[in-house]
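Thanks for asking me to look this one over. My notes follow the display, as numbered points you can read alongside it.

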Amino acid sequence: MFKQIRTPKQFSLIVSLILSLSSVFISLFVQVIYNETVHYTRLLLVAVVCFFISYGVIYYFLERLITSKIRLLYRVIHGKAQARDKKDFKMDEDVLGEVEKEVMNWGKEKSAQIQKLKEQEAFRREFLGNLAHELKTPIFSIQGYILTLLEGGLEDEKINRLFLERANKGVDRIAKVVEDLDLITEIESGRVVLNQKANDIVTLIKDVVDSFEIKAKKHEIDLILEFDYSELLVKCDRDKMEQVFINLINNSINYGVKGGYTKIRLLDAEEHVMIEVADNGIGVAKEDQERLFERFYRVDKSRARHEGGTGLGLSIVKHIIEAHGQTISLRSTEGKGTVFYFSLKKV
Ligand SMILES: Nc1ncnc2c1ncn2[C@@H]1O[C@H](COP(=O)(O)OP(=O)(O)OP(=O)(O)O)[C@@H](O)[C@H]1O
Ligand SMILES: [Mg+2]
């Protein structure tokens, strides 16, 4: 029976009933023992008086006890500002059940928050490690060249210019990392306002492809435009979209194979233009595919380093595409090639 008691009111009621019944039995017992005549009205009066007094006392103390404890709990879980007033607790409702639910929800919320903080902490640690690693290499090489120059190399006509040029390359590399990170941070924080206008994606792609002519030739890679639209207007920020194509085409060349290709495909769908940048290069293993867009993530570190990559290119691409309200994905088979695809809204 006690299991079914859910509210303080029910509890007070039942306990007072028990007490008043007990008082009736005790009075009856006393009257019988002393051989008095049993006065039923008196018994009834005792029962009623006992019931009301005990109900009042129990209910009063129970309510005080519960509200003070619950208010403390609410203050802890919701903060002082949201601590409830005494009148908010309804003693004829399952107030303890409600508190139990709130505490459980609070516990779940807190453990989710802790999990998130742990992930952020791990991410922060990894990020700082990567950043330090990325900057260390060029800084040490610049330091090496400058020291050699200071220790007499400056007067040596054979190396002074060469070492300065190499040191300059290191500076360029550091500048690129910082610029890339700056762009990612700006997009992430929403400080970058995209200048989205009607742009012809066909000319944009052709311009970027033209700028890669020499590099593609050097790597013996064919740059192929697999579409025959003369114009397709999409809504985008031209500079940022150019950056997307530069990064994707640059990757397809860097991670392509000699004699291979980079194909750019366009498809005019109803409200969108579907875009693909495909290559038949080294491809990406399944387990690396979902991490590819993370900052500093590189699959083949030695090759990426050889190509001078920092692992920020795809992260920038993803941020830019998402800032346009779209998503980018890839299909890839190791040793066969990779296709990056996304869409843009037509004007
Ligand atoms: N088309 C591709 N084919 C195979 N692997 C690729 C391709 N594009 C990217 N990758 C892999 O994904 C990794 C991350 O690419 P991302 O462009 O972000 O960095 P990166 O090219 O190394 O450096 P950068 O910041 O200079 O672009 C590369 O290091 C490479 O291992
Ligand atoms: Mg890249």
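1. Of the contacts in the chain with a separation of 6 or more, 72% are between residues 24 or more positions apart. Please keep in mind while reading that this is a predicted model.

2. On secondary structure, the chain holds 10 helices and seven strands. Its radius of gyration is 38 Å, well over the 20 Å from the globule rule for 347 residues, so the chain is more spread out than a compact globule. The C-alpha trace gives another view of the extent, spanning about 130 × 60 × 40 Å along the principal axes.

3. Next, burial and surface. Of the 347 residues in the chain, 36% are buried. The exposed area comes to about 21,900 Å², and carbon and sulfur atoms supply 58% of that area.

4. A word on charge, in case you plan any electrostatics. Positive side chains number 51 and negative side chains number 51. The centres of the two sets are 7 Å apart.

5. Now for a residue I would like you to look at: is S16 buried or exposed? S16 belongs to helix α1, which covers residues 8-33. With a relative accessible area of 0%, S16 counts as buried, because the cut-off for that class is under 20%.

6. What does the side chain of S16 reach? One partner is the backbone oxygen of S12, at 2.2 Å. You may want to check that distance by eye in the display. A polar atom of the S16 side chain also lies 3.4 Å from the backbone nitrogen of Y55.

7. Y55 turns up again in the wider surroundings of S16. Setting aside neighbours within four places in sequence, S16 is in contact with F51, S54, Y55 and I58.

8. My last residue is E294, which sits in the loop between α8 (286-289) and α9 (301-306). Its relative accessible area is 32%, so E294 is partly exposed, whereas S16 is buried at 0%.

9. Which residues does E294 touch, not counting those up to four places away in sequence? They are G311 and S315. There is also a C-alpha distance to note for this loop residue: E294 and I316 are 22 residues apart along the chain, and their C-alpha atoms are separated by 9.3 Å.

Note on methods:
Residues numbered from 1 in each chain as written. Chains lettered and ligands numbered in written order. Predicted model: local features only at pLDDT ≥ 70, side-chain atom pairs only at ≥ 80, totals over all residues. Heavy atoms only, no water. Helix = DSSP H or I, 4+ residues; strand = E, 2+ residues; numbered from the N terminus. Buried < 20%, exposed > 50% of the residue type's maximum accessible area, 1.4 Å probe, protein only. Polar contact = N/O pair within 3.5 Å; in protein donor to acceptor, adjacent residues only side chain to side chain. Contact = heavy atoms within 4.5 Å. Rg over C-alpha atoms; globule rule 2.2 N^0.38 Å. Areas by Shrake-Rupley, 256 points an atom, 1.4 Å probe, with all protein chains shown as cover. Lys, Arg positive; Asp, Glu negative; His and termini not counted. Charge placed at Lys NZ, Arg CZ, Asp CG, Glu CD.
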